[in-house]
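Reader: I should like to learn how the overall form and the interior of a protein model are read. Please begin with the overall form.

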Amino acid sequence: MNSRIFRGRSDRGVSERAVRWHEGKTMRLLTIESTCDETAAAVVTDQLEILGSVVASQDELHAAYDGVVPEIAARAHLDRILPVIQSVLQRADTPAERIDAIAVATAPGLAGSLLIGLVAAKTLAWLWNRPLIAVDHLQAHVYACRIAAQRDIFPCVGFVVSGGHTHLFHCRSALEFETLGGTIDDAAGEAFDKVAAMLGLPYPGGARLAALADRGDRAKYRFPRPLLDDSRLAFSFSGLKTAVRYAIAGPGRPLESAEPLTETARADLAASFQEAAVDCLVGKGLQACRSTGMRRLCVGGGVAANRRFRERLTAACDEAGIETIIAPLEWCTDNAVMGALAFESLRAGRIAQLDLDIVPGLVRQPIG
Ligand code: KG4
Ligand code: ZN
């Protein structure tokens, strides 16, 4: 093993070499993402050109359980990680020798899932003798906006709305995130998925619920907007979820005892739930901008693919004179392209060592 490569950020030799690479020629980065239930890899240049991107979804494996089963996810990553990496190198027409660095999402996420990506990345970094860079998955969701915008977007308020997280950050730079607030119970995507399941839609039901909502009456049911008028930058979706359950089955009664819903009732429930969730998300996004004085809001994560949310947020921000950048649809849900954030770490000399570990929980200190 070439220990020089892995001596870490204090190693001036490695940092200088990384900078020289950057100045001398176009760098190609292999990024790996396996934080939850997508196995993904991408090849991206330091000009943020996407040479290849592959995402292997596991939706069909978890559908029977109405949610991600961590052990099934980890085993599926194990099966898929090498074919996904091989496939992305082929698509990017990039032989291993042309890869200059390897990035991997190490936090936050499911421990078993994170470990598979990390071990793959470490092995390749060691085998190919290339620098290894740790990526924070939530920072990467916001960085999807930077890649799409093709210009600097920092400082800004970063808003990650996904199946696992609903968090607001004051982003001073691509790598300096201060948590402003987040959900105190379910994530927004989790609530979309649970309500979708109540309406008989298969997991993950967020996008299907949104399609059903298009045919429904948003004002039919007046569901609560938890914490919307609260001064804290916090979200709560658990009570909203229960309100939908009560609307279907009656207070305190099991869903199984409910009369079958008509198509109109299903669509109205979907539309009314979505409107309540979107009200909370839009309200808190604006509140975060007001409280930080930021005039730019950058949004990523699976729920940011929701058309009603995109429309409402853009309209509200326009009215308030706040610039909105929402990740393009294909980079909202988990992908490895957003791992191009690693170029920022590389420029800052933040190169990981081979003893790099995962951090499954939420942390906001720099990693790697
Ligand atoms: O970012 P992501 O792929 O995974 C996490 O990091 O959690 O987000 C997945 C979540 C799922 O809950 C999915 O139902 C939700 O994003 N989602 C949507 C839509 N598309 C995906 N929720 C609402 N509307 C959509 N169009
Ligand atoms: Zn995610």
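Author: The radius of gyration is taken over C-alpha atoms, and the globule rule is 2.2 Å times the number of residues to the power 0.38. In this predicted model, local features need pLDDT of at least 70 and side-chain atom pairs pLDDT 80 or more, while totals for chains, interfaces and linings use all residues. Residues are numbered from 1 along each chain as its sequence is written, and side-chain values use heavy atoms, without hydrogens and water.

Reader: What radius of gyration would a compact globule with 368 residues have, and what does the protein have?

Author: For 368 residues the rule gives a value near 21 Å, and the protein agrees, with 21 Å. Its C-alpha atoms fill a box of roughly 65 × 45 × 30 Å along the principal axes.

Reader: How is the interior read, and which residues have the most contacts inside the largest nonpolar core?

Author: In soluble globular proteins, nonpolar side chains tend to be buried together. A nonpolar core is a set of buried (under 20% relative accessible area, 1.4 Å probe, protein chains only) Ala, Val, Leu, Ile, Met, Phe, Trp, Tyr and Cys residues joined through side-chain atoms within 4.5 Å. Here the largest such core has 91 residues, and Phe273 and Phe309 have the most contacts inside it. Domain 1 (3-142 + 333-347) and domain 2 (152-331) both contribute residues, so this core lies between them; the domain bounds come from an automatic or database domain assignment.

Reader: Which residues does Phe309 touch?

Author: Contact means heavy atoms within 4.5 Å. Leaving aside residues up to four places away in sequence, the partners of Phe309 include Phe159, Val161, Val278 and Leu281.

Conventions:
Chains lettered and ligands numbered in written order. Buried < 20%, exposed > 50% of the residue type's maximum accessible area, 1.4 Å probe, protein only.
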